Amino acid sequence: MHHRAFLLAVLVAAAASDLVGKASAATYVVGDNQGWRVPTNPNDYSTWASRYVFRAGDVLVFNFTTGQHDVAEVRKEAFDGCSSTNPIVLTTVGPWNVTLNSTREHYYICTFGSHCSLGQKLAINVSAASSAPTPSPAPSPPIIPNPTPAPGVTPTPSPNSSPAPAPGSPAPTPTPGSPSPSMTPGSSLPGTPGGAPGTPGGLSPPSPPAPDSSAPLPTISASLMVFASVAFGLIA
C-alpha cells in the first residue's frame, strides 16, 4: 500500500514538473505570417529574430510547403557561405517544430537552389531559461514628520479685546459723541484746585448781564397815557 502511494506521488511530481516546464517555454513561428520562404527583403528574418529573446526550452516552428523548401541546421561557416554540406539536422517535410535545448547560437538555412543567398536563412542566440521571479518586498509606509511650531510666533488677539493701559500712561481720549462726565455744584475740574468749575486759580466767572428792564417802559408809558386820557374824557 505504501509502495503504491510512493509511486503515485513520484508520477504526480514528474507530471507537475513537465507542466511547469512547458508553461514557461514559448513557441515562436519563424517569420510570423510570412512563414519560411524566400523573403522579399534579405534582412526580413534577422529583423524578425531581433524582436524576441530566445531561451532554452523554447520552440521554433518552421511553416513551409514540402517539396518547395526545407530546413537545415548548420554551423556558422556553412551559414555564412550558404553551404549545405554536412548539416547538423536536415528536415524536408513541413511544418517542422524544433525545441531549443542548448544555450548557444543556432543557424538555419534553406538548401533549395539559391534560397539561402536570397535571404532564406535564420541565426538566433539561445540563452539560459529564466527562473521564477522573486517577489519584491512590500514598500514601507511613508514616515510623516510631526509639525514643529515656528519660533517666536505669538497668538494674535481677537478683534474685540482691548489691551489694558500701562501704568503711568495718559487716559484715553473720549470718542466724539460720548457723554461728558456730570459736574456737581462746587466740584472742581481736574487741574483746577480750589477754584470754580472751569476757572483757573479759583477766579469766579463773570456774572451774566442783568436784563434791561427799562427797554419796554416807553411802550408801557404810552399805553397808560392813552388809557388815562380816555378815562379822563369819560369822567369829564
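Is glutamate 73 buried or exposed? At 6% relative accessibility, glutamate 73 counts as buried. The legends below describe close-up views of a predicted model.

**View A. Salt bridge between arginine 104 and glutamate 73.** The closest N and O atoms of arginine 104 and glutamate 73 are 3.1 Å apart. Glutamate 73 belongs to strand 4 (residues 71-74), while arginine 104 sits in the loop between strand 6 and strand 7 (105-109), so the salt bridge ties together parts that are 31 residues apart in sequence. Arginine 104 is partly exposed, with 35% relative accessibility, whereas glutamate 73, at 6%, is buried. Side chains of opposite charge can pair when their charged atoms come close.

**View B. Salt bridge between aspartate 32 and arginine 51.** The two side chains meet at 2.8 Å, N to O. Aspartate 32 is in the loop between strand 1 (27-29) and helix 2. Arginine 51 is in the loop between helix 2 and strand 2 (54-55). The pair links distant parts of the chain, 19 residues apart. Aspartate 32 has a relative accessible area of 32% and is partly exposed.

**View C. Salt bridge within helix 3.** Lysine 76 and aspartate 80 form a salt bridge, with their closest N and O atoms 2.9 Å apart. The two residues are four residues apart in helix 3 (residues 76-81), which means that about one helical turn separates them. Lysine 76 is partly exposed at 41% relative accessibility, and aspartate 80 is partly exposed at 49%. The structure holds three salt bridges.

**View D. The largest nonpolar core.** This core has 19 residues. The residues with the most contacts inside it are Trp36, Phe54, Leu60, Phe62, Tyr108, Leu122 and Ile124. At least two residues of the core come from each of helix 2 (44-49), strand 3 (59-62), strand 6 (96-99) and strand 8 (121-127).

**View E. Surroundings of leucine 122.** Neighbours within four places in sequence are left aside here. The aromatic side of the list of residues in contact with leucine 122 includes Trp36, Tyr45, Trp48, Phe62, Phe79, Tyr107 and Tyr108. Val30, Ala49 and His106 are also in contact with leucine 122. Leucine 122 is itself among the residues with the most contacts inside the largest core.

**View F. A second nonpolar core.** Separate from the largest core is a second one of seven residues. Among them are Ala72, Val74, Ile109 and Cys116.

Note on methods:
Residues are numbered from 1 along each chain as its sequence is written. This is a predicted model: local features need pLDDT of at least 70, side-chain atom pairs count only at pLDDT 80 or more; totals for chains, interfaces and linings use all residues. Side-chain values use heavy atoms; hydrogens and water are left out. A nonpolar core is a set of buried Ala, Val, Leu, Ile, Met, Phe, Trp, Tyr and Cys residues joined through side-chain atoms within 4.5 Å. Buried means under 20% relative accessible area, exposed over 50%, partly exposed in between (1.4 Å probe, protein chains only). Contact means heavy atoms within 4.5 Å. A salt bridge is a side-chain nitrogen of Lys or Arg within 4 Å of a carboxyl oxygen of Asp or Glu.
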